[in-house]
Amino acid sequence: MNIGEIAKMAGVSKAAVSRYFNQGYVSEEKREAIRKVVEQTGYRPSVQAQTLRTKKTKMIGVILPKIDSTSMGSVVSGILAVLNEHGYQLLLADTQNNPKKELEYLSLFDDKQVDGVILAATVFTSEHRKILKSMNVPVVIVGQRMSGCHCVYHDDYHSIYDTTALLLEKGRKNLAYIGVLMQDKAVGSERYQGFCDAVLKGGLEQLKEQMIISGFLIEDGYEAMMKLMERYKDLDGVVCATDEIAIGAMQCLKSLHVDIPEQIMVAGHGDSVLAKVTIPTLTTVHFSYEESGMEAAGMLLKLLDKEESAVREIKLGYHLVEQQTTQTCK
């Protein structure tokens with residue numbers, strides 16, 4: 001079967017069939033006639049032939065730090081919702097939190113000529129900037145802000161600022177912070193700066209030093225909380241960069257028979273499913289991760305369709321989700 005035969009059976013022109021398979025305009029009557037023939041014959045157009053003719057692969061490369069993450073899963077869902085609607089397919093690369101793998105996948109996708117790339121980066125190095133500048137296909141960054149690049153990101157600074165302010169408003173005066181590597185601008189430096197500025201405004205500048213760097217896993221949060229308890233006396237609250245870290249901190253406090261929230265309040269970030277089922281439930285921050293994926297995919301498609309050329313940044317909002325770990329009976 002070929003386009004000519006499909007056109008003849010459907011009673012339409014070859015141009016109409018071509019537009020049908022390339023998401024062009026076809027009247028509803030002709031579209032239905034072509035659809036029926038395609039369904040009857042099981043015809044599928046040659047992807048290689050389409051690529052040679054249109055210079056488009058209809059493939060988008062997506063690079064993520066880890067797929068087994070609630071937030072990243074939501075980002076991918078948002079991306080897919082847009083790509084599926086426009087006839088694109090997704091090639092997924094999991095870097096397992098390895099920045100060097102990000103560089104490798106960027107080069108790979110550029111060589112394999114996907115139409116565009118969505119990058120959920122962890123850090124930005126000089127190598128990242130160099131390869132992003134030399135890419136032959138458009139790239140949209142999601143989850144981080146990088147000057148000079150198309151990006152969709154969240155308000156990491158104010159979200160932790162408000163979380164910290166919440167604990168201070170509840171009378172907690174001896175807070176600690178568990179963060180991640182500062183090279184991660186969004187989750188690392190931006191969120192920690194929000195904590196620092198909140199305690200500074202509360203007249204508790206010394207609390208900036210009561211922090212520890214952790215990994216992203218629950219067990220990392222457990223170990224970090226144990227170290228905080230050993231280093232600092234009479235802590236009455238802990239703010240964590242992620243929900244997973246916060247849940248690890250809660251497990252540690254329970255093992256030490258510390259009452260949450262009466263003795264120590266705990267707050268996380270990410271509004272994960274786990275935050276709703278912990279005992280007590282975890283106060284956290286909600287980011288619209290699925291929306292960020294949709295915005296990133298939409299931005300990329302506009303770049304591919306030449307509807308946009310100027311660098312554009314989109315910063316998404318957030319809201320606090322206060323639950324039991326910051327609600328005392330007093």
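Contact here means heavy atoms within 4.5 Å. By that criterion, and leaving aside residues up to four places away in sequence, D110 touches S134, M135, N136 and V137. The structure is a predicted model. This briefing covers its largest pocket, its nonpolar cores, selected strands and several backbone features.

**Largest pocket**

- The largest pocket encloses about 790 Å³ of space.
- Its lining is made up of 41 residues, and those nearest the centre of the pocket are S69, S71, M72, V187 and Y289.
- Seen by character, the lining comprises 15 nonpolar, 16 polar and ten charged residues.
- At least two lining residues come from each of the helices α5 (70-85), α9 (185-201), α10 (218-231), α11 (243-255), α12 (273-277) and α13 (289-304), and likewise from strand β10 (284-287).
- Helix α5 provides the largest share of the lining, with five residues.

**Nonpolar cores**

- The largest nonpolar core consists of 42 residues, and the most contacts inside it belong to Y177, I178, F195, M225, L228, V238 and V266.
- Four helices and four strands are represented in this core by at least two residues each: α8 (156-169), α9, α10 and α11, together with β6 (175-179), β7 (211-213), β8 (237-240) and β9 (265-267).
- Helix α11 gives this core its largest share, seven residues.
- Outside its own neighbourhood of four places in sequence, M225 touches I178, L235, V238, A249, C252 and L253.
- Another core, of 27 residues, lies apart from the largest one and includes V62, V142, M299 and L304.

**Strand β6 and its partners**

- Five of the five residues of β6 are buried, so this strand is largely enclosed by the rest of the structure.
- The cover extends to both faces of β6: L175, Y177 and G179 are buried on one side, and A176 and I178 are buried on the other.
- Strand β6 pairs with β8 in the parallel sense over four bridges, and within β8 the bridge partner of A176 is V238.
- Strand β6 also runs parallel to β7, to which three bridges join it; in β7, M211 stands opposite Y177.
- Two of these strand residues, Y177 and V238, recur among the residues with the most contacts inside the largest nonpolar core.

**Strands β5 and β11**

- Strand β5 (residues 150-154) pairs with β11 in the parallel sense through four bridges.
- Within this pairing, I314 of β11 has V152 opposite it.
- The side chains of β11 (residues 313-316) alternate between two faces: I314 and L316 are buried on one face, whereas E313 and K315 point to the other and are not buried.

**Residues K66 and Q96**

- K66 is located in the loop between β1 (59-64) and α5, while Q96 belongs to the loop between β2 (89-94) and α6.
- These two residues are 30 residues apart along the chain, yet their C-alpha atoms are separated by 4.9 Å.
- Beyond its neighbours within four places in sequence, K66 is in contact with M72, D94, N97, F216 and L217.
- One of these contacts, M72, is also listed among the residues nearest the centre of the largest pocket.
- Although Q96 is not a glycine, its phi is positive, at about 55°.
- Q96 has a relative accessible area of 66% and is therefore exposed, the cut-off being over 50%.

**Residues D110 and D271**

- D110 is part of helix α6 (residues 99-111).
- D110 counts as buried because its relative accessibility is 13%, under the 20% limit.
- D271 is placed in the loop between β9 and α12.
- The phi of D271 is near 50°, which is a positive value in a residue other than glycine.
- A relative accessibility of 16% is likewise under the 20% limit, so D271 counts as buried.

**Cis peptide bonds**

- The peptide bond from I260 to P261 is cis, with omega near 10°; P261 lies in the loop between α11 and β9.
- I279 and P280 are also joined by a cis peptide bond, with omega about -5°, and P280 is situated in the loop between α12 and β10.

Methods
Residues are numbered from 1 along each chain as its sequence is written. This is a predicted model: local features need pLDDT of at least 70, side-chain atom pairs count only at pLDDT 80 or more; totals for chains, interfaces and linings use all residues. Side-chain values use heavy atoms; hydrogens and water are left out. On a 1 Å grid over the protein atoms alone, a cavity is a set of points where a 1.4 Å probe fits but cannot get out, and a pocket is an open set with protein on both sides within 12 Å along at least five of seven lines; lining residues have an atom within 4 Å of a point. Grid points are joined across faces, edges and corners, and a volume is the space filled by probe spheres set on the points. Ala, Val, Leu, Ile, Met, Phe, Trp, Tyr, Cys and Pro count as nonpolar, Asp, Glu, Lys and Arg as charged, and the others, Gly among them, as polar. Buried means under 20% relative accessible area, exposed over 50%, partly exposed in between (1.4 Å probe, protein chains only). A nonpolar core is a set of buried Ala, Val, Leu, Ile, Met, Phe, Trp, Tyr and Cys residues joined through side-chain atoms within 4.5 Å. Two strands pair if DSSP finds at least two bridges between them.
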